Each structure stands twice: as C-alpha cells, then as structure tokens.
Amino acid sequence: MTKPAFTSKPVVVTIGATDFEFTPTVQDANNYTNDMMPNNKVAPAYTYLTSTVKSEQKDTLIELLDSVPGLTIELFATVNNASKGGIEISLKK
C-alpha cells in the first residue's frame, strides 16, 4: 500500500506591505536540520526561505533578507512553525 503524497499548505507571511508565500516540505525541513552546524545557523535558514518562497517573490525576499538584520532567523522560525499546521507535541508522564 502506498502512502498518499503529502502536499504542504502554503504559509503566507506579511513583511511590511508584502505577502510572501512559502511552501516548505518535509525535505526542506530535513535539509535545514542537516545543514545546520554549531557555527552556521543563518545560511541554512536563508536557503530554506529562498528555496520555499514563491519563485516570483524570491528576488524581493533576498533583498529584504540581505538588508534587514535578524530577519532571516525570525522569518525562518515563523514559517517553520506555521508549516507544521498547528501540530503540538507534549510529553505525558
């Protein structure tokens, strides 16, 4: 029995007056985790964002990421958390 293909819902984030649409996949999240090193946290987040944003918005996003300090990590956290679709994890004792 084959599993149905998972299609992630787009995540729309407004930065200033612009809505950016991201469509991250499980593979994007895995790539981010695999690329992250103790001394390299921004580059994997930057790659995650620029590879999951709607293609026609990529240049505008890159301009923002390259000019606004701290935006890459904050935006990554927002998109990554939203892409989980509200799934919460809790530990029961």
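**Figure 1. The whole chain has 4 helices and 2 strands.** This is a predicted model, and its elements follow the order β-β-α-α-α-α from the N terminus. Measuring tape in hand, so to speak, the C-alpha trace spans about 45 × 30 × 25 Å along its principal axes. The chain has 93 residues, and 27% of them count as buried. Its exposed surface comes to about 6,900 Å², with 56% supplied by carbon and sulfur atoms. For contacts between residues at least 6 apart in sequence, 52% join residues at least 24 apart.

**Figure 2. Strands E1 and E2 form a hairpin.** Here we zoom in on the start of the fold. E1 covers residues 11–15 and E2 covers residues 18–22; the two pair in the antiparallel sense over 5 bridges. Between the strands lie 2 residues, and Gly16 in the turn has a positive phi of about 65°. To find your way along the ladder, look for Ile15, whose bridge partner in E2 is Thr18, and then for Val13, which stands opposite Phe20. The side chains of E1 alternate. Val11, Val13 and Ile15 point to one face and are buried, whereas Val12 and Thr14 point to the other face and are not buried.

**Figure 3. The largest nonpolar core holds 16 residues.** Which of its members touch the most others? They are Val13, Phe22, Leu49, Leu61, Leu75 and Val79. Two or more residues come from each of E1, E2, H2, helix H3 (58–65) and helix H4 (71–83). H4 is the biggest giver, with 4 residues in this core. As a general backdrop, nonpolar side chains in soluble globular proteins tend to be buried together.

**Figure 4. Phe22 is one of the core residues that touch the most other members.** This view centres on the Phe22 side chain and its surroundings. Setting aside neighbours within four places in sequence, Phe22 is in contact with Lys9, Pro10, Val11 and Val13. Its contacts also include Leu49, Thr52 and Val53, as well as Leu61, Leu75 and Val79.

**Figure 5. Tyr32, Tyr48 and Phe76 are linked into a cluster by ring pairs.** A search of the whole structure turns up 3 aromatic pairs. In the pair of Tyr32 and Tyr48, the ring centres are 6.3 Å apart and the planes meet at 70°, so this pair is edge-to-face. The pair links distant parts of the chain: Tyr32 belongs to helix H1 (residues 26–35) and Tyr48 to helix H2 (residues 42–52), with 16 residues separating them in sequence. Are these tyrosines buried or exposed? Both Tyr32 and Tyr48 are buried.

**Figure 6. Leu65 and Thr72 are in contact with each other.** Take Leu65 as your starting point in this close-up; Leu65 is found in helix H3. With 7% relative accessibility, Leu65 counts as buried. Not counting residues up to four places away in sequence, Leu65 touches Tyr46, Leu49, Thr50, Leu71, Thr72 and Leu75. Leu65 and Leu49 are 16 residues apart in sequence, and their C-alpha atoms are 9.4 Å apart in space. Now step across to Thr72, which lies in helix H4. Thr72 has a relative accessibility of 6% and counts as buried. Beyond neighbours within four places in sequence, Thr72 is in contact with Val42, Ala45, Tyr46, Leu49 and Leu65. Tyr46 and Leu49 thus appear in the contacts of Leu65 and in those of Thr72.

**Figure 7. Glu21, Lys54 and Glu56 are linked in a network of salt bridges.** Our last stop is a trio of charged side chains. How many salt bridges does the structure hold? There are 2. In one, the side chains of Lys54 and Glu21 meet at 3.8 Å, N to O. This pair links distant parts of the chain, with Lys54 in the loop between H2 and H3 and Glu21 in strand E2, 33 residues apart. Lys54 also meets Glu56 in a salt bridge, at 4.0 Å, N to O. How accessible are the three residues? Glu21 counts as partly exposed at 25% relative accessibility. Lys54 is partly exposed too, with a relative accessible area of 34%. Glu56, at 58% relative accessibility, counts as exposed.

Note on methods: Residues are numbered from 1 along each chain as its sequence is written. This is a predicted model: local features need pLDDT of at least 70, side-chain atom pairs count only at pLDDT 80 or more; totals for chains, interfaces and linings use all residues. Side-chain values use heavy atoms; hydrogens and water are left out. Two strands pair if DSSP finds at least two bridges between them. Rings of Phe, Tyr and Trp (its six-membered ring) pair if their centres lie within 6.5 Å; planes under 30 degrees apart count as stacked, over 60 as edge-to-face and the rest as tilted. Buried means under 20% relative accessible area, exposed over 50%, partly exposed in between (1.4 Å probe, protein chains only). A nonpolar core is a set of buried Ala, Val, Leu, Ile, Met, Phe, Trp, Tyr and Cys residues joined through side-chain atoms within 4.5 Å. Contact means heavy atoms within 4.5 Å. Accessible areas come from the Shrake-Rupley method with a 1.4 Å probe; for residues, only the protein chains shown count as cover.
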